[in-house]
Amino acid sequence: MTEELIIAGFGGQGVLSLGKILAYSGIMQNQEVSWMPSYGPEMRGGTANVTVILSDERISSPYLKLFDTAIILNQQSMDKFENTVKPGGVLLYDPNGITIHPKRKDITIYQIDASNLASDMGNKKVYNMIIMGAYLKVKPVVQLENVTEGLKKSLPERYHKLIPLNIDAIQKGMDNILTVNELAILS
Amino acid sequence: MKTLDIIKPENLVYKRTELMTDNTLSYCPGCGHGTAHKLVMEVIEEMGIVEDTVGVAPVGCSVLAYEFMDIDMQQAAHGRAPAVATAIARTWPNKYVFTYQGDGDLAAIGTAETIHACNRGENIVIIFVNNGIYGMTGGQMAPTTLPGMPSSTSPYGRDTCSTGSPLKITELVANLPGVYNVSRHAVHTHKHVRKAKKAILKGFQDTRLRKGLTLIEIVSNCNSGWKMQPRQSNEWMEENMFPFYELGDIKVDGKMINKK
Amino acid sequence: MAEIKLMKGNEALAEAAIRAGVDAYFGYPITPQSEVIEYLMMEQPEKTTGMVVLQAESEVAAINMVYGAAGAGKRVMTSSSSPGISLKQEGISYMAGAELPAVIVNVVRGGPGLGTIQPSQADYFQSVKGGGHGDYKLYVLAPASVQEMADHVEDAFEMAFKYRTPVLILSDGVIGQMMEKVQFKEFKPRWTDDEIYQLHGNWATTGKKKGRERNIITSLDLKSEKMEGRVHRLMKKYAQMEEEDLRFETIKCEDAEYLIVAYGSSARIAQKTVDLARAKGIKVGLLRPITLFPFPKKQLMEFTKQVKGILSVELSMGQMVEDVRLAVEHKVPVEHFGRTGGIIHTPEEILDALQQKLIKN
């Protein structure tokens, strides 16, 4: 198994930490992992993206042109990354703030209304874990118990009390993902 | 009386410190560097700390200080002696570390290293020899060159309108909290030599107590660079340098000395 | 088995430094390597191993602090990124001349000038040809993973003290900023004062002990004959490095008809190109120099008997390619491919270049 994933959105949406938790979860089930951020002056409000690779084999390039999955959380990222999904791949996006929706027919497209779901949960910080849930629903690359372990590893001890809330958010994401364009149905 | 009768221990009135090597000094006859070297070595010898002392030589006339001082020494890049000394003092906190620098090295190219080592209060002694000129490269203008004073790069005299005024870096760093002792001395008379040595001794003792940095400026002559006879250069120094670079204590035990 | 951690290359390097018994780190912040000093400041090794960590007033001051501590027999290092490494070149030249052991890390970003903060490998010439003024070279290690960012710290210190010379770890923004699995070696204690007197008392400025000559650290020889002798001494070391401490890795080269030569992040990317090419039936292998000086010249010459062409891949407009050409003496075509300015080439781009420049059908 090799999963090549890009997560892209605004800084402050938890893009990098979502990638980090995924990578740690991968380690928990003995996978090889790499996490390659777009680094730079982009802080809150700017654009941020991270390439995460989970694999059973040694990872060669941490930097890729094409991805199995793209998780897209703002319009700029949609413009940039829609066409980087491999044919047959997956595009998961939050429709909030998206004016030009993805048009590809050769990939499967899902929506997760994570912004509103996070507001409903009363804690905007769980936004990225709702995304995580939606992602794991369609790409169960890591098991939920390993995500719990991954959270423990990547969060400072003082935040461990928030892990159950994060798991709830993942569940919320799993329950609320919408299929926009099911490749299997279309083809 | 024969020579052999004279050279008996009981007749000994002066002995050169053993911490000066037998190498011939590379300094011009009449230059103050030799005396300044000797004072530092005498202090180290008298304190019995040679096994725990590391010196740092600059770039400039005293670049070869390690040829004359019989102690462990490092030769630093131009202006960087305080950074080099910082690292030695930090990684060997039980050693005595000093730099020996001229005015071009300390107050021009090395200004940043000087100010920041002072500001961090490194436990080092800085011996700063100020002769108002670049000696080694042949008498060019230094940051400390006096207004109107000729040099090979200010042949018509230093024009402060275009080159700024002489930099009193000693007074400047005295204001920094990390600096514990600052004083200005000369080494051209017995009286001045004794005072300078006392200040150097106190500086070494205080770094041992981890009190912070001691900077000792020695206003000296450069008869070659100034194009003067040695005696004439000392007179010129007294008449011109001392009124501008006033001798005496500037900061003692962390307290500024108010001269007014 | 040591615990597996997920860390950035920069952080792994910093942790490895603490564990390698390093006595001091002197640095100055610059993107993309600031995590090194940030990590060290957060960990406070001064309280555990006694390692000194100091943020200097400039890269110039930092490298001269390295000079001072190295000259006093300590294990000392600094890190920076391209513009900062340019500032350090004077100090590095002095250290090469004064024969001081130390480790310098360059997490390369794009240039020239202030350039970009994005990854690059355009400091190759500066790294392997000297960098500062004068006749000298550095032993240059090029990590290609977070694990190597950690492992190369101890390797670099071993070489630094073996040859009493500055060693460069030439990384880049990809390797510094990416996170991967890493496992650390056991803690290695710092040398005690007595160990330093014993190991380095014959050259380091640790205070002149009774019965020995004074130790002098200098790169100055005003007599030309002496200076020439000093340079010859350096050259002997470099020759010995080529004999004893060359490092490289070959991947899928056994049946290769084309060879890619790449180091650091480019080697990782090109490794995927090898797989893409082989999926298309093109037999490509990868030679990854782990040391850039010494350079695997003889090995490259050997490959000229086997391959039809060589593609040098680097995040620059073509620097290492010159050394590849020198090594193979025109026996096979050698081409360069690389993006620059902070753009990272993709495995697919490299494959396209290989096909267009060497295979041509």
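Trainee: What percentage of the 187 residues in chain A do buried residues make up?

Mentor: Before the number, keep in mind that this is a predicted model. To read burial, count the other C-beta atoms within 10 Å of a residue's own; 20 or more makes the residue buried. By that count, buried residues are 49% of the 187 in chain A.

Trainee: What radius of gyration does chain A have, and what would a compact globule have?

Mentor: Compare the value with a rule based on chain length. For 187 residues, a compact globule would come out near 16 Å, and chain A, at 15 Å, agrees with that. You can also look at the box its C-alpha atoms fill, taken along the principal axes: roughly 45 × 40 × 35 Å.

Trainee: How many helices and strands does chain A have, and in what order do they run?

Mentor: Seven helices and seven strands. Walking from the N terminus, you meet β-α-β-β-β-α-β-β-α-α-α-α-β-α. To see how that string folds back on itself, check the sequence separation of the contacts. Taking contacts in chain A with a separation of 6 or more, 60% are between residues 24 or more positions apart.

Trainee: On to the assembly. Which pair of chains shares the most contacts?

Mentor: Two pairs of chains are in contact, and chains B and C share the most. Chains A and B do not touch, with 28 Å between their nearest C-alpha atoms.

Trainee: How many residues are in contact between chain C and chain B?

Mentor: There, 33 residues of chain C meet 29 residues of chain B. On the chain C side, β2 (24–27), β3 (52–55), α3 (59–71), α4 (82–98) and β9 (216–217) each supply at least two residues. The largest share, nine residues, comes from α3(C). Sorted by class, that side has 16 nonpolar, 10 polar and seven charged residues.

Trainee: Which strands pair between chains B and C, and in which sense?

Mentor: Look for bridges that cross the chain boundary. Strand β2 of chain B, residues 72–75, pairs with β9(C) in the parallel sense over two bridges. If you want a spot to click on, Q74(B) has I217(C) as its bridge partner in β9(C).

Trainee: And how many residues are in contact between chain A and chain C?

Mentor: 18 residues of chain A and 19 of chain C. The elements giving two or more residues on the chain A side are α1 (15–28) and β2 (32–37). Of these, β2(A) gives the most, with six residues. The chain A side divides into 11 nonpolar, four polar and three charged residues.

Trainee: Which strand of chain C do bridges join to β2(A)?

Mentor: That would be β8(C), residues 179–182, running antiparallel to β2(A) with two bridges between them. Find S34(A) and you'll see E180(C) opposite. Now look at β8(C) within its own chain: four bridges join this strand to β1(C), residues 5–8, again antiparallel. There, M7(C) stands opposite E180(C).

Trainee: Let's try a single residue. Why does S80(C) count as buried?

Mentor: Use the neighbour count again. S80(C) is buried because 26 other C-beta atoms lie within 10 Å, where 20 or more is enough. This serine lies in strand β4 of chain C, residues 76–80. Leaving out residues up to four places away in sequence, S80(C) touches several others, including G27(C), Y28(C), E59(C) and N106(C). The C-alpha atoms of S80(C) and V108(C) are 8.3 Å apart, although 28 residues separate them along the chain.

Trainee: Last one, a helix. How far does α10(C) reach from its first C-alpha to its last?

Mentor: A handy idea for helices: there are 3.6 residues a turn, so residues three or four places apart point the same way. For length, α10(C), residues 264–279, has 16 residues and reaches 24 Å, close to the 22 Å expected at 1.5 Å a residue.

Trainee: Is α10(C) mostly covered or mostly exposed, and which of its residues are buried?

Mentor: Mostly covered, with 12 of the 16 residues buried. Among them are G264(C), R268(C), K272(C) and A277(C). Just after α10(C), have a look at G281(C), which takes a positive phi of about 85°.

How values were computed: Residues numbered from 1 in each chain as written. Chains lettered and ligands numbered in written order. Predicted model: local features only at pLDDT ≥ 70, side-chain atom pairs only at ≥ 80, totals over all residues. Contact = placed C-beta atoms within 7 Å. Nonpolar A, V, L, I, M, F, W, Y, C, P; charged D, E, K, R; others polar. Pairing = 2+ DSSP bridges. Rg over C-alpha atoms; globule rule 2.2 N^0.38 Å. Expected span 1.5 Å × (residues − 1).
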